[in-house]
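Got the viewer open? Let's walk through this one a selection at a time, starting in the middle and working outwards.

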Amino acid sequence: MSVRSTALLTASALTLLSLAACTSPSDTTNRPDTGPSAAPSARTSPTGVALSSEELRDRLLSAADLGSGYTAHGAASTDSSEASVLDCEPLERLGDDPYASFPARAKTILRGPNGEVTEELYSAPRAELSAGIRRIMSAMAACPIYQIATATTVVEVNTRTVPAPRRGEEQWAQLVTVRTGSRSTTVQQLVVRDGSLLLVLSGSLTQVALAADTALAKAKA
């Protein structure tokens with residue numbers, strides 16, 4: 001199945017291909033596996049009202065939020081590029097854009113001393129958002145190993161679900177290892193749903209850990 005490179009930025013490892021170039025291969029941690037389902041926290045969402053894309057953009061992290069040495073970069077469109085997900089039927093069934101049911105969205109890329117972190121925000125009515133992200137994360141967990149083929153290369157992707165810190169109402173965390181040639185790079189992905197707001201952070205383990213609390217607090221402000 002051919003997909004736009006922007007379509008599966010989070011639902012596959014396409015976004016991690018660029019992150020891998022900015023992440024140290026040694027920045028990995030072995031953690032115990034856990035099931036694919038999200039564990040609800042004791043916290044409740046402040047609101048179930050869906051936000052607009054403009055409102056989400058105002059809630060994205062800025063370089064100043066993370067301190068000295070960080071710069072923000074806009075998420076350039078790469079719709080002209082195409083890639084194919086191989087050996088993972090559940091991911092293929094998600095379609096060209098698994099987040100299409102969440103029309104409100106915003107994205108930023110922050111680069112700093114410890115590498116790069118990508119933040120994505122989505123919004124939809126609470127029930128729709130919960131059902132949609134559960135479907136996406138279940139598809140990702142269904143394929144611990146698959147491949148992504150582009151016009152110039154084929155990479156192997158290994159995903160492993162790990163315990164997620166309890167933030168928001170639902171949360172997931174994954175370690176995604178991208179292998180191309182002799183190089184292997186591991187990136188973490190943290191997904192948090194709180195009410196009608198969905199936060200996705202992808203980057204090095206250090207960067208995600210540093211940015212997570214600040215990103216969620218600003219997104220919910």
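Start with the largest nonpolar core, a set of 27 residues. Select Leu 56, Leu 121 and Leu 201, which have the most contacts inside this core. One thing to keep in mind as you click: this is a predicted model.

Now colour the elements that give two or more residues to this core. They are helix 3 (63–66), strand 4 (104–112), strand 5 (115–123), strand 8 (170–180), strand 9 (183–194), strand 10 (197–203) and helix 6 (205–220). Which of them supplies the largest share? That's helix 6, with seven residues. As background, nonpolar side chains in soluble globular proteins tend to be buried together.

Next, zoom in on Leu 56 and show what surrounds it. Leaving aside neighbours within four places in sequence, Leu 56 is in contact with Leu 51, Ala 104, Arg 105, Ala 106, Leu 121, Tyr 122, Ser 123 and Leu 197. Then pick out Leu 94, Ala 124, Tyr 146 and Val 200: these are among the members of a second, separate core of 26 residues.

Time for the rings. The structure holds three aromatic pairs. Select Tyr 99 and Phe 102 for an edge-to-face pair, with the centres 5.8 Å apart and 65° between the planes. Are these two buried or exposed? Both Tyr 99 and Phe 102 are buried.

Keep Tyr 99 on screen and add Tyr 122. Why does this pair count as stacked? The ring centres of Tyr 99 and Tyr 122 are 4.4 Å apart and the planes sit at 15°, so the pair is stacked; the cut-off for stacking is planes under 30 degrees apart. This pair also links distant parts of the chain. Tyr 99 lies in the loop between helix 4 (89–93) and strand 4, while Tyr 122 is in strand 5, 23 residues away. Tyr 122 is buried, as is Tyr 99. Show Tyr 99, Phe 102 and Tyr 122 together and you have a cluster linked by ring pairs.

Finally, zoom out and switch to cartoon view. You should be looking at six helices and 10 strands. Of the 221 residues, 50% count as buried. Among contacts with a separation of 6 or more, 70% are between residues 24 or more positions apart. Turn on the surface for the last stop: the protein exposes about 9,500 Å², and carbon and sulfur atoms supply 51% of that area.

Terms used
Residues numbered from 1 in each chain as written. Predicted model: local features only at pLDDT ≥ 70, side-chain atom pairs only at ≥ 80, totals over all residues. Heavy atoms only, no water. Helix = DSSP H or I, 4+ residues; strand = E, 2+ residues; numbered from the N terminus. Buried < 20%, exposed > 50% of the residue type's maximum accessible area, 1.4 Å probe, protein only. Contact = heavy atoms within 4.5 Å. Areas by Shrake-Rupley, 256 points an atom, 1.4 Å probe, with all protein chains shown as cover. Core = buried A, V, L, I, M, F, W, Y, C linked by side-chain atoms within 4.5 Å. Phe/Tyr/Trp six-rings, centres within 6.5 Å; stacked < 30°, edge-to-face > 60°.
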